[in-house]
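Good morning, everyone. I will go through one structure today, from the overall layout down to single residues. Please have the sequence and the model open.

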Amino acid sequence: MTRKGRRLTLIGLAGVVLCAAVGLTLYALSDGISFFATPSEIAANPPPPERRLRLGGLVETGSVEKEPGGLVRFAVTDGKARVPVAFTGLLPDLFREGQGVVAEGRVGADGVFAADDVLAKHDETYMPKEVVDALKASGEWRPEAGAAPVATQ
Amino acid sequence: MIVELGHFALALAFAVALVQSVVPVVGAVRNEARLAAIGRPAALAQLLLVATSFAALTQAYLVSDFSVLNVVENSHSSKPLIFKIAGVWGNHEGSMLLWVLILALFGALVALFGRNLPDKTRALVIGVQGWIGAAFLGFILWTSNPFARLSPAPFEGNDLNPVLQDIGLAIHPPLLYLGYVGCSIAFSFAVAALIEGRIDAAWARFVRPWTLAAWVFLTLGIAMGSYWAYYELGWGGWWFWDPVENASLMPWLAATALIHSAVVMEKREALKIWTVLLAILAFSLSLLGTFLVRSGVLTSVHAFASDPTRGVVILVILCVFIGGSLALFAARAGTLSAGGIFAPISREGALVLNNLFLSAACATVFVGTLYPLALEALTGEKISVGAPFFDLTFGPLMVPLLIAVPFGPLLAWKRGDLYAALERLYVALGAAIAVVVVGLALTGTGRVLALLGLGLGTWLIVGALSETAARIKLFRAPVQDSLARLKGLPRAALGTTIAHLGIGLTVLGIVASTAFEEEAIAAVKPGETVAIGAYQLTLDGYLPRSGANFTETAARFSVRRGGTVVAVMEPAKRVYTVRAMPTTEAAIETFGLTQLYVSLGDAATDGTITARIHVKPLVTLIWLGALVMAAGGVASLSDRRLRVGAPKPARPRALAAAE
């Protein structure tokens, strides 16, 4: 093989790998990401059931119900709308009524958000940034509620 | 007083770093040996000063000096001693100080052990280390002073975040920083080569041990962080594709590519320009990692206080170093001469393939990590890129690379013979197929992908061993002969085998623990039993306990297999008293390579508690594999030819070119 041929082989190979990487990335970006949504946004504009969402807001006070087998039902609210959530698994240590939470999953046909992951704060003074922004947007942001994002972990 | 001394030492270190940044570089460019010689004492003085400063902060933590703001915010007098020490870097300011300490350490090591370097190169390398040191010392002094005083001093501190109060904090950050900052040496060598406008095989021989050492630390640091997350966070996961994890994975991928391409450059003088670019990229990605973690743009366990000015300053440092070095690269890369030629099927070709896939994989991780940040900055839309994205991109790019790994070391330089290589891999291929077939017979056709994954792991392990077996003529020559050959094998070749074996182990662990995991979530009362896999767990009762700065309730489980008790596990719910913060302490029991993992959920008033139980087959192989990879790196590092500070190698021709 000539020097030019070798170089072309190399460039061709690099091109193939690069195209594969770009193609995979674009495909995954259309499928493997989840959008952040607040309860008001879901109420105003119900998402298709196949779309993965991250639902953020406060755990509605008095809404947490635990059923046998590890199923937990609660509602996420931003003061204007509420979305019921069903989750099977262990809740994070800092999951509390009236506190910020992010649930990841899909909205089912019955309007219940089926979460496969629930994230709460990492420590007592920290609230997920998306939740803070969402609460500020809906006017429900109360820094004195012990949720000031000044000292995250 | 000691605190002020620490602060003063830090300011002095900044001044020394400025001298180190300018004088040796001017000396090297103008060929004034006396100016260039300043670099060595400056680098040593910088290490001494930063170490003094670090010791002063450690002292403040040890005696719980609550007149220091940093100590108040992150410590408590009842905190155990080990966490008082580790707590020094369990916060933003202290961790930056550790970063700079390690940077100064590497700079001093180059000054001490770089005697066989050409004077000019050494002066330039130390100068570039000085630039990085000055930038980060300035950052600490102006935005993140760990020595700020507080008046009046409170009687008690706020304690360290309980999640961080773990032996992992003592090990994970120093290892990771040794890896991150170790990449700076390759970066400095690359910039020095670009300034000189000349590069050769000797350059690669100097850079490779430093990169290899950094890579070993990075490997250990990432593995340690992964295991820490696994047992501390209580979710049973070991990798979350969290941006902060990705921030450490990207430099690892780049450094892995770099140690491979540096081989080509050292042996064949090819891939020069690409190797220099990789050296720049590896450290740029380390800096990016520092930015992502330290700037507060991300919310994660690692982001301590978020202060916008800090983020901006780190971003400026990032842009100056990455932009500057890439601009220098663009301007000077053309002057570097191209190297030797090779056929596509050859050792070089295999290493190029390795670099292609590693850098493509690194790029997909980069996109997945930064796309949400860019999108939010540009459109305000908030998205999260999680595991599904990376499974779809990173996975498919890794598979062909892993399939190719056993071929690489079997191909000859310049022109290899694929068929002959495959002939030596018959055993590995047979073993891989056997694993898949036996698996199919045992588990049916439902898990073909997982079985192929196990086959891939087997292929890697047996393939790596086949190469050594072929080299020492195992079973083809008398045993003593083979042993003698094994002894005579270069350590670097042995290191390759060990490291490739390690990847195989990790792949086996990942596939087996993900695909064949069993999980049960159950609400249990004392006396009740949960069955999972081959194990029966009986909740015996609750044990209230207390530690130095926490109280906990442990649930005691007897684990039975086949009727006999094989283990007692005590997962706990713990409350750290100072912050009144609850944490979950998972219990882990290892049976061979498999682990049983129990973590607790909420307790109800009637004595029922929710427990989440996992059986994770072969999960320990994930981290054992990483340890084996690191051991491979150490074996390679001990090769006489590569040893840091080794006497001049016996290749006069290449060396003459370097001087």
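**Hairpins, helices and a few unusual residues**

I start with a hairpin in chain B, where S7(B) and S8(B) are joined by a turn of four residues. In that turn, B:Ala580 has a positive phi of about 50 degrees. The two strands, S7 at residues 572–576 and S8 at residues 581–585, pair in the antiparallel sense over five bridges. One of the pairs to look for is B:Val575, whose bridge partner in S8(B) is B:Pro582. Before I go on, please note that this is a predicted model.

Chain A has a hairpin too, made of S6(A) and S7(A), with five residues between the strands. There, A:Gly111 takes a positive phi near 85 degrees. Strand S6 covers residues 100–107 of chain A, and six bridges hold the antiparallel pairing with S7(A). Within that pairing, A:Arg106 has A:Ala114 in S7(A) as its bridge partner.

What else does strand S7 of chain A pair with? Strand S5, residues 82–88 of chain A, runs parallel to S7, residues 113–119, and three bridges join them. On that side, A:Val85 stands opposite A:Phe113. So S7(A) has an antiparallel partner in S6(A) and a parallel partner in S5(A), by the DSSP rule that two strands pair if at least two bridges are found between them.

Staying in chain A, look at A:Glu50, in the loop between helix H2 (39–44) and strand S2 (53–59). Is A:Glu50 buried or exposed? It counts as exposed, because A:Glu50 has 8 C-beta neighbours inside 10 Å, and the cut-off for exposed is 12 or fewer. From A:Glu50 to A:Glu60 is ten residues along the chain, and their C-alpha atoms are separated by 25 Å.

Now to chain B as a whole. Chain B has 21 helices and eleven strands. Its radius of gyration is 27 Å, and the globule rule gives 26 Å for 659 residues, so chain B is as compact as a globular protein of that length. Along the principal axes, the C-alpha atoms of chain B fill a box of roughly 80 × 75 × 55 Å. Of the 659 residues in chain B, 53% are buried. If we take the contacts in chain B with a separation of 6 or more, 74% of them are between residues 24 or more positions apart.

The domain assignment splits chain B into domain 1 (1–164), domain 2 (203–223 + 239–404), domain 3 (418–516 + 622–626) and domain 4 (518–616). Let me take domains 2 and 3 of chain B, whose centres are 28 Å apart over C-alpha atoms. Where they meet, five residues of domain 2 of chain B are in contact with seven residues of domain 3 of chain B. On the domain 2 side, helix H9 (201–232) and helix H14 (387–404) of chain B each supply at least two residues. By class, that side has four nonpolar residues, one polar and no charged ones.

Two helices of chain B are worth following from end to end. H10(B) has 26 residues and reaches 37 Å from its first C-alpha to its last, close to the 38 Å expected. It is mostly covered, with 24 of its 26 residues buried. Helix H19 of chain B, residues 491–515, has 25 residues and reaches 36 Å, close to the 36 Å expected. H19(B) is mostly covered as well, with 18 of its 25 residues buried.

What follows H10(B)? That is B:Glu269, whose phi is positive, near 55 degrees, although B:Glu269 is not a glycine. It sits in the loop between helix H10 (243–268) and helix H11 (272–294) of chain B. B:Glu269 is partly exposed, because there are 18 other C-beta atoms within 10 Å, and buried would need 20 or more.

The last loop is the one between helix H7 (119–143) and helix H8 (167–196) of chain B, where B:Pro152 lies. A cis peptide bond joins B:Ser151 and B:Pro152, with omega about -5 degrees. B:Asp159 also lies in the loop between H7 and H8 of chain B. Its phi is near 70 degrees, a positive value in a residue other than glycine. B:Asp159 is buried, because 24 other C-beta atoms lie within 10 Å.

Terms used:
Residues numbered from 1 in each chain as written. Chains lettered and ligands numbered in written order. Predicted model: local features only at pLDDT ≥ 70, side-chain atom pairs only at ≥ 80, totals over all residues. Domains from an automatic or database assignment. Contact = placed C-beta atoms within 7 Å. Nonpolar A, V, L, I, M, F, W, Y, C, P; charged D, E, K, R; others polar. Expected span 1.5 Å × (residues − 1). Rg over C-alpha atoms; globule rule 2.2 N^0.38 Å.
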